[in-house]
Structures are given as structure tokens and as C-alpha cells.
Amino acid sequence: MSVGSLHPHNNPNFPTTTINTTNSSPLFSCIHISNGRKNSQEIREKKMPPFAGSEPVGFPKPDSDIVSIDVGGQLFQTTKQTLTSAGPKTFFSRIAAESSGLHTPFLDRDPDLFSLLLSLLRTGNLPSKAKTFDLQDLTIESKFYGIESLLVNSLSNPSQLEPFNLQKSLLLPLNGRDSPSALATTASGSLHVAHGSKITSFDWSLRRKSTVLTQFTAVDSLLALSPSLAAAGANDFSGLQILDLDKGRVRETLNWENVTKSGSTVQAIGSSPENMFVSFESSRRNSNSIMVYDLHTLTPVTEIGHNEIFGADIDSAIPTTKLQWIEGYNLLMASGSHSGPSGVSGNIRLWDVRSGNVVWEVSEKVDCFADVAVCDALSVIFKVGVNSGEASYVDLRNLSSGESAWVCLGDKRKILNGKKEGFGCKIETQGNQVFCTKGGDMELWSEVVMGSGNSGRIFKKNLMGRVRDMGGAKITNLAFGGSTMFLTRKDQQCVEVWQSSSREF
């Protein structure tokens, strides 16, 4: 047989195949096989996918739950459920809504940062490798994708504060020569610092945002209304100012109309989820009051604790210098003290704001408080004695039964020698922990869990921080925001930042 006879055109017995393209079905073709005889058979054969035996990688089926995203040339695959967990108005939710599986969206962004944020969506936490990245870069990316709130909750949630693991992590320097006079924080960890006539703001990642110059000679009271809004007042300047710190302007000024028609200076500011509380004193110092404002509209709601001073009525002459809302009891704690020839005296009152009545009060004369704080989680009022410097407490649950004696946390045998060892000490609570400053040191008090047979309460003092973190100049301010503790020291133009050693950044 010649070579030419092997060619199909030259050999009538060689089978030939033709594809019938007239069939309209996209999945099947008609294949005719002819062996050169009169009869022929038609076989319908299913088309094979481009990659036999498996679906192509990176090309999910239409209407699949899997979404492919090309970020900076790197391909990522996740699910629509993961993307929509970012929230309805985020970049990720739009990608999930528009994904059809027929095309892969391309994002001209950093793939390494995207990988971290995708892990945040999947687990609610950043992976351990995130600590090798700059927090500011990660914050900028989270804002682009619209999930900064998720990042804040992951890194700066108050529930993540670890009191026994706090250590000094950095210093926030302040401009000028003035030392900080007041600190104000938000739940996310944003910080406002009053120093002299200026207020400097830091965002939750502790990046300096702005420094604004106020009309005050010195700011004595400061309340953070938001990361960009603050209420500020002074003991020698009339009116409470609502400051827009981003724009550097006074948005509104609130005044208290007293009987003498004189100015009204601010002695303290506090807030609840619905209201803002402001302690005013007339410029002539012959009247004082606590005004209640709607926190959102700043309109007056009511007035409580209005005192007009006549003669030598010392108790009425003491304005409130600290306000704290007790959420679990719907009560407002108001405390104030006065230093005179006979020593320091003061009073602590619990107000029912709705009725305007005092539900409990105590007058302090023997070892009056240098500072007072309420721990809602423990149902306890704490004080630090101005003379003894010791921390004591009263159980809120026993007030209705008439038991209001202070229980000392420290050495009950300490002699009151008149040196005012607690003067200037600060006491604050966070969660179920109590923080008390003593000069340049900090005490951390925790309740000891007792058996069911014990009716008393026992608190234990704990060592706090590293040895090198303790000591130094006297602590003048103490505040908590997010998972961070902030403090300032006498004659120092900076803020100390204390964070958990396990925090990623």
C-alpha cells in the first residue's frame, strides 16, 4: 500500500468526522461518524469543561457563594457571608452584592494590608503577623474599606483592658510649657488633653489630631462628647463651652442663670448615655447648682441641688467638684469638699435625677475624701482619705438598710498625724478593678472571691506594672479609654500611655 492511500481523502474506508453546527444547544454537538458505507450513526455527546474532571481554580460558578478579588495583582477568595459581615454600607458589602462569578473585581490597593483586614472579617481579630505592620497604615486602609469601627473594636475595646498586665508603653508629648490639667477619653480610646489654655486631641490609635487654643487661662473641667467634640470649663471663667476640636471653634456656650445675675463658673462635668451634668457656681460664690442637659441637643432638662448660701452655712457653700453616673442604679454621684481652718470637710450625695431628690448622703469631716469614685460592677463607692491616704469603701447594696460606715481597704491602724498624706491622690475604677494613686505610684485593688459562707467583702492590693514603670513625679490625672490607661505627672508636659503587654500594637 502506498503512502498516499493512507490519506483519508484517498481511502474510502477511512472514517471521517464532521461537526454539525446547526444544533442550537450550547452543551451538546451532533457528531456524525461515517465509515464510507451508506449507513451512518449520529451520537449526541456532552461537551467537556475546559478543565476535565474539575472546576477551574479562581473562576467560581455563577451565583456561587465564593467571591474572588484581585488586590494589587494578588488573588483572594472568600465568601459573600464574610464580606457582608463588614456591614451594609461598606466597600466589602458592595463587592458581595455585585459579585456574579463571571468577572473578578480588581482593587489597586496593598494586598498585604488587605489580607489582614480580611482576617479581621473572618475571625473578628487581627492575625499575629499584624504587629509587624504600622498601625497608621492599617487605619488608613480600614477607612478606605469602611471598616475602621471593626478595627477599633478589635484593638481598643474596654473589655480588653488587662489590669494585671498593664505597663507603660509610650509618652505623648505636648506643645508648650504647661502641664496637663485635665484628661477626657471616649470609649474607643480617643483622648483630649487640657494643658494651659490649649486642648490637644489624639485619635484612638494615639495619632495627634489637633491642638486648639481656648479662651480659658486654664481648663479645669473637660468631658469628651465625641472624638472631635468636647465640653470644657474653668473655675475662673464663666460658662461651659462646647468645642469643635477639628474646626477649632466654639460651637455653643451654656450658662446657668443664678439669682445674683453674676457669671457662672464650671466646677465639674459628667455624663450618662442620655444626659450631661454640669456643676455651676456663681462668680460671687454665693450659690451653686447642678444643671442637667440633653446630651444630644444640649437643651436644659432640669436643675437639681440648687443652693443659695446664707451666713455661715458651710455645707451649702460647697459646690460639687466631681460627678459620676451610676448606670446600674440610675443615680448621679455628686461629691465636693472644702478646706478651712478646722480641716477638710465635704459631702457625697446620690441623686435621683428624675425626682430631683437625694436618696443617700454622707458628710465627711474626720478623714474627708481627697477623691471619690463609684464602681458600678461591684456596687461600691470608693474614697481615698485626705489625711490617711487610705482607700475605703461603702457597699451600695447596704445603703437601704442604713449601713453606711466606711470599710478601710488598707492598714486600719494607720495614725492620722495631720500630714494629709492623701492630699492630691486620685481614685478611679475600671470594670471591677480599683486604681488608687499614691504620690508617684499606683495601687490596684481587686475583690477576692470568697466562699458562700462569708458575708463580708475582702479586697487585695496588687503590684502593678514593671519596677521601672513605677515611681517618679506625683500623679496628677488618671483616666481610662478603650483598653488603655492614661496618666499625667506633676510638672511634666506629656501623657503616659499604659497598655497591655499582649496588645498587638
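## A first tour of a predicted model

Glu 281 has a relative accessibility of 5%, so this residue counts as buried. The structure you are looking at is a predicted model, and this glutamate is a good place to begin. Look for Glu 281 in strand 17, which covers residues 275-282. Which residues does Glu 281 touch, once neighbours within four places in sequence are left aside? Its contacts are Trp 256, Gly 263, Ser 264, Thr 265, Gln 267, Ser 287, Asn 288, Ala 317 and Pro 319.

### Helices 4 and 5

Now move toward the start of the chain, to helix 5, made of residues 148-155. Four of the residues here are buried: Leu 151, Val 152, Ser 154 and Leu 155. Viewed down the axis of helix 5, the buried residues fall within an arc of 165 degrees, so they line one face of the helix. What does that buried set pack against? The partners are helix 3 (111-123) and helix 4 (135-145).

Helix 4 has its own buried set, consisting of Leu 135, Leu 138, Thr 139, Glu 141, Ser 142 and Tyr 145. Around the axis of helix 4 these residues cover an arc of only 165 degrees, which puts them on the same side of the helix. The buried residues of helix 4 pack against two strands, strand 4 and strand 6, and against helix 2 (91-98), helix 3 and helix 5.

### An open sheet

Strands 4 and 6 also belong to an open sheet of 3 strands, arranged in the order 5-4-6 with mixed pairing. Which strands stand at the edges? They are strand 5 (74-79) and strand 6 (106-107); each has a single partner strand, so one side of each is left without a neighbour in the sheet. Strand 4, residues 66-71, pairs with strand 6 in the parallel sense over 2 bridges. To find this pairing in the model, start at Asp 70, whose bridge partner in strand 6 is Phe 106.

### Strands 13, 14 and 15

Further along comes strand 14, residues 237-244, which is mostly covered, with 6 of its 8 residues buried. Strand 14 pairs with strand 13 (residues 229-234) in the antiparallel sense, over 5 bridges. A hairpin of 2 residues links strand 13 to strand 14, and Ala 234 stands opposite Phe 237 of strand 14.

Strand 14 also pairs with strand 15 (residues 249-254), again antiparallel and over 5 bridges. Here Asp 244 has Arg 249 of strand 15 as its bridge partner. The hairpin between strand 14 and strand 15 has 4 residues between the strands, and Gly 248 in the turn has a positive phi of about 65 degrees.

### Salt bridges

Side chains of opposite charge can pair when their charged atoms come close. How many salt bridges does the structure hold? There are 17, and the table shows some of them.

| Salt bridge | N to O distance |
|---|---|
| Asp 246 and Lys 209 | 3.5 Å |
| Arg 397 and Asp 395 | 3.1 Å |
| Lys 438 and Glu 443 | 3.3 Å |

The side chains of Asp 246 and Lys 209 meet in a salt bridge. Asp 246 lies in the loop between strand 14 and strand 15, while Lys 209 lies in strand 11 (residues 208-213), so the pair ties together parts that are 37 residues apart in sequence. Asp 246 is partly exposed, at 49% relative accessible area, and Lys 209 is also partly exposed, at 29%.

Two other acidic partners are buried. Asp 395, which pairs with Arg 397, has a relative accessibility of 9% and counts as buried. Glu 443, the partner of Lys 438, has 14% and counts as buried as well. Salt bridges with shared partners also join Asp 395, Arg 397, Glu 447 and Arg 457 into one network.

### A nonpolar patch

The last stop is on the surface. Which residues make the nonpolar patch of about 210 Å²? They are Val 448, Met 450 and Ile 458. Met 450 sits in the loop between strand 30 (441-448) and strand 31 (458-462). With 33% relative accessibility, Met 450 counts as partly exposed.

Technical notes. Residues numbered from 1 in each chain as written. Predicted model: local features only at pLDDT ≥ 70, side-chain atom pairs only at ≥ 80, totals over all residues. Heavy atoms only, no water. Patch = residues over 30% accessible without salt bridge, like charges linked within 9 Å, V, L, I, M, F, W, Y side chains within 5 Å. Areas by Shrake-Rupley, 256 points an atom, 1.4 Å probe, with all protein chains shown as cover. Salt bridge = Lys/Arg side-chain N within 4 Å of Asp/Glu carboxyl O. Buried < 20%, exposed > 50% of the residue type's maximum accessible area, 1.4 Å probe, protein only. Arc of directions from axis to C-beta. Contact = heavy atoms within 4.5 Å. Pairing = 2+ DSSP bridges.
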